[in-house]
Amino acid sequence: MQAPLNGPWPLSTPWGRRWPGPGLPASATTVVALLVATIVVALSVPLDRPGIGWLVAVLAAVVALIVARLAPQAPAVAPLVSPAPAERPWDRYAWTTATVALLAVGAFRAAGWLFLLCLMTATLTTVLALTSGRSLRSMVATYLLIPAATLRGVGWLVRGAVLAQRRGRDGVPVRFVTTAVLSLVLLTVFGSLFVSADAAFARIFAAVIPDLNLPVVSRWIFVGLVTLPLLAGAAYLRAAPLALGELDAAESRKVGRLEWAVPLGLLVLLFGAFVTVQLTVLFGGAKHVVETDGLTYAEYARSGFWQLCTVTALTLAVLAGAARWASRETPADRTLLRAVTGALAVLTLVVVASAMHRMNVYTDMYGLTRLRLLVACCEAWAGLVLLMVLGAGVRLRAPWLPRVAIATGVLALLGLAVANPDARIAANHVDRFQRTQQLDLPFLADLSPDAAPAFAEISDGYRRGCLLWAVGGQMADPDDWRGWNLGRATARSLVAGDPPTDPQKCAEEIYRY
């Protein structure tokens with residue numbers, strides 16, 4: 001008689017086969033690590049500004065997830081269940097490092113819009129660090145399953161906590177609680193003595209430990225309630241990876257040569273006609289503006305710029321569709337696909353160059369703004385992606401392209417943060433002021449404290465003092481250690497050393513609208 005097979009058995013549904021879940025509840029080490037990280041995040045994150053607390057929070061979260069991953073766990077995939085694809089540790093390390101670097105921007109740059117972009121991008125790099133899929137479909141699937149992972153992760157964590165409590169007679173949870181209580185008592189007693197013994201230490205202690213009031217405690221509770229489920233979901237995804245290999249390897253229905261070659265061929269002819277006919281308009285520059293009756297620099301730069309940006313984005317979508325659905329069974333199919341998509345990519349590169357040229361002409365005349373700088377960076381990134389598409393067309397197979405394209409975008413954003421965009425914008429206008437003696441004070445006063453070093457270079461004492469005074473007004477609320485930021489710290493020293501000659505007149509000129 002054959003012995004019965006041992007379970008646990010996989011669920012019969014597609015959901016159960018792709019995501020069976022861990023074999024056991026979370027370990028006591030995982031529960032403790034995630035709880036400690038949640039406390040650190042709740043105490044560190046400054047919700048109202050970029051600051052070093054964001055870096056402390058993400059480092060605490062990463063350490064907790066590493067500890068949870070290294071803690072003894074049941075096999076992530078039960079017997080008779082298709083395992084997830086093999087992990088690529090270096091890939092996970094790279095995306096995790098990118099997440100930390102993006103949130104570290106808050107410790108150096110005071111521009112809220114820049115940090116918001118980094119924070120949003122960090123959600124994408126976090127998903128890439130948690131998922132093993134390579135295709136866009138697997139990335140989107142992981143994004144969509146985050147709520148489910150959070151719910152399942154919380155249940156997994158609760159079951160682990162209950163199991164640890166039941167095992168309390170073995171002494172592990174009891175020893176942990178005893179250690180925590182004893183540490184808190186010792187720190188409270190000796191900390192109080194040191195605070196009363198030395199004024200300098202008391203000031204440091206007061207800066208580190210905030211006043212306990214309702215808003216502060218409410219913020220801690222809110223951040224903790226958001227952080228713990230997210231950390232539980234992330235740890236659950238690492239303990240029970242999604243089996244996304246089928247999404248990566250899934251082949252869509254291919255369309256015949258006639259169905260894709262005719263529309264794409266006509267599109268190539270349209271692009272070619274546009275580039276050929278409009279060469280003078282695209283690259284005429286100042287000469288074209290001067291020789292065209294009634295055309296100003298603003299009209300030249302703005303005429304068609306946004307349309308060209310839209311063309312670039314739509315072309316990338318068309319190329320992605322062609323790579324997915326165009327047939328490539330015969331050598332003739334593959335040759336035709338390379339020729340058509342290659343021509344379309346090359347012509348789109350010309351359109352990208354045109355858009356960049358128009359923006360350069362506009363910037364030379366009217367100066368940089370945040371929108372102009374961001375659009376220029378996006379266009380440059382799109383051009384780089386088109387070059388990668390051309391390289392991928394050699395083999396007509398590029399599973400690396402989605403992740404590499406995202407990686408270049410992340411590097412571009414980090415490069416923008418290193419370049420200090422608000423300071424670059426301010427420096428551009430200061431350089432123009434040296435030539436034209438015209439300075440848009442209301443516009444520049446809206447820049448973040450990152451622009452203060454550029455304002456300090458203005459030769460006109462009145463305008464310099466007004467702009468530094470406006471920057472100081474943005475920093476009326478002092479920073480504690482959580483909100484410390486290099487950009488604001490530098491700006492404060494510059495503002496203190498160069499007070500305005502006439503604050504009332506500055507206010508009337510800056511806030512006249």
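## Cysteines and a nonpolar patch

Cysteine 118 is buried, its relative accessible area being 0%. That is a handy starting point for a tour of this predicted model, which looks at some cysteines and then at a patch on the surface.

Cysteine 377 takes part in no disulfide: the nearest cysteine sulfur belongs to cysteine 378 and is 7.0 Å away. Since a disulfide calls for two cysteine sulfur atoms within 2.5 Å, that distance does not qualify. Cysteine 377 is also partly exposed, with a relative accessible area of 32%.

How many disulfides does a search of the whole structure find? The search finds one. It joins cysteine 466 to cysteine 506, with an S to S distance of 1.8 Å. The torsion about this S-S bond is about -70°, so the disulfide is left-handed. Cysteine 466 sits in helix α23 (residues 461-474) and cysteine 506 in helix α25 (residues 503-510), so the pair ties together parts that are 40 residues apart in sequence.

Here are the accessibility values for the two partners and for cysteine 377, along with a leucine that we meet next:

| Residue | Relative accessible area | Class |
|---|---|---|
| Cysteine 466 | 0% | buried |
| Cysteine 506 | 0% | buried |
| Cysteine 377 | 32% | partly exposed |
| Leucine 193 | 52% | exposed |

Now to the surface. Leu186, Val189, Phe190, Leu193 and Phe194 make a nonpolar surface patch of about 490 Å². One of these residues, leucine 193, lies in helix α8, which spans residues 172-197. Leucine 193 counts as exposed because its relative accessible area is 52%, and the cut-off for exposed is over 50%.

How values were computed
Residues are numbered from 1 along each chain as its sequence is written. This is a predicted model: local features need pLDDT of at least 70, side-chain atom pairs count only at pLDDT 80 or more; totals for chains, interfaces and linings use all residues. Side-chain values use heavy atoms; hydrogens and water are left out. Patches are made of residues with over 30% relative accessible area and no salt bridge: like charges are joined within 9 Å, nonpolar side chains (Val, Leu, Ile, Met, Phe, Trp, Tyr) within 5 Å. Accessible areas come from the Shrake-Rupley method with a 1.4 Å probe; for residues, only the protein chains shown count as cover. A salt bridge is a side-chain nitrogen of Lys or Arg within 4 Å of a carboxyl oxygen of Asp or Glu. Helices (H or I, at least four residues) and strands (E, at least two) are DSSP runs, numbered from the N terminus. Buried means under 20% relative accessible area, exposed over 50%, partly exposed in between (1.4 Å probe, protein chains only).
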